[in-house]
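Q: Got a minute to go through this one with me? Let's start with the strands and then talk about the aromatics.

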Amino acid sequence: MIFSSIEISNFRNISSALVETRAEDIVLKGTNGQGKTNFLEAVYMLSYGSSFRTHHLNEVVKYGETSFFLKGNYEDEMEKGDVCVSYSNGKRSITLNGKEVRDRKELIYLFPSIVFSHDDMNIIKGEPSERRRFFDQTISLYSPSFLDDLRFYRNVLEKRNVSIRNSDDSLLSVYDEKLSSLGIKIMNMRKNEINSFNSYFSYLFNFVSGLDENLSVSYMPSWKDAENEDDIMRILQDCRERDYRMQTTTSGIHRDRFIIKGKNGIFSQYGSTGQIRLCSLIFRLSEVKAFLKATGRKPIILIDDVLLELDDEKRGRFLSSLDDYSQAFYTFLPHEGYFAAEHRVPLSYLVKDGRYE
């Protein structure tokens, strides 16, 4: 699936634009602050109904305006259609071929998209929640049941925490049972995902970096000794006194950890800034590979100025490994060399003041 054209109105610094994108590779060139990333954000929003830069849609409305409108025409060998995302009077609206979309996961499985951004460094060096979010998003790209279980788990967890704060134990056993049944499924999916992810991650990092780090990701579940639902029920029961003291649920998949290890220990503690940047790129590249393996489908990828810090050799090796996509959008500086000669010729636009020429 590819987007054949993108229509944008009153989005960030883009007043009005209709951009043809019927190509496998689309390059957006321009100096900083002209609207390159804004275009990628628009494509992402058409794929997810949300932004990768903010949780507040009012922030993406063009200054002085009160609403925005996005439309993506899409096609593949079997079908054509359009998806629209708009925001007005504080309300978001999403339509797919003219019909209202009530659950954004409809978009996720139609337009699976993976964005490479500078903020990805937080996956490597940030809080454990950043890595949990990364792997949960990766699994959710191909597993609707996992996304449903995760949503349900968070809902039950919130109710359990309210009961704990109110010192009300009347429903705790019910909540524990639900958390146990959902938690064991989520744990198993995370374990399987880590196995698939690691089958690409270490090799790709060594290949692109030219180093011999043998990086891998270890999954450290909060319920580390649990093998079934009954085990989890016992752990939750044993932790109740601590939960009441801390006023929250202190164990569960919401406290799982993913540790990146190399030959010298925890990678974030000894890797250089350049190595951590490269590691974040390889995380996304491994996500692309794992998605293809799980689904047989190629995602749309969005690469936002993240290759600037790579030298020519590393950039070449990275791009040679990045071939499992249906469509790719890149942002580059005006005179930046971006593709090797043998790479297919991209559709290229010069971006200036929210215009694409």
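**Strands and rings**

A: β9 and β10 pair in the antiparallel sense, with five bridges between them. Strands pair if DSSP finds at least two bridges, and strands (E, at least two residues) and helices (H or I, at least four) are DSSP runs numbered from the N terminus. This is a predicted model: local features need pLDDT of at least 70, side-chain atom pairs count only at pLDDT 80 or more, and totals for chains, interfaces and linings use all residues. Residues are numbered from 1 along each chain as its sequence is written, and side-chain values use heavy atoms, leaving out hydrogens and water.

Q: What stands opposite Ser-216 in β10?
A: Lys-261.

Q: And which side chains of β9 are buried?
A: Val-217 and Tyr-219, which point to one face; Ser-216, Ser-218 and Met-220 point to the other and are not buried. Buried means under 20% relative accessible area, with exposed over 50% and partly exposed in between (1.4 Å probe, protein chains only).

Q: New topic: how many aromatic pairs are there?
A: A search of the whole structure gives 23. Rings of Phe, Tyr and Trp (its six-membered ring) pair if their centres lie within 6.5 Å; planes under 30 degrees apart are stacked, over 60 edge-to-face, the rest tilted.

Q: Why is Phe-134 with Phe-197 edge-to-face?
A: Because their planes are at 75 degrees, with the centres 5.9 Å apart. Phe-134 sits in helix α4 and Phe-197 in helix α6, 63 residues apart.

Q: What about Phe-135 and Phe-258?
A: Stacked, because the planes are at 25 degrees; the centres are 4.6 Å apart.
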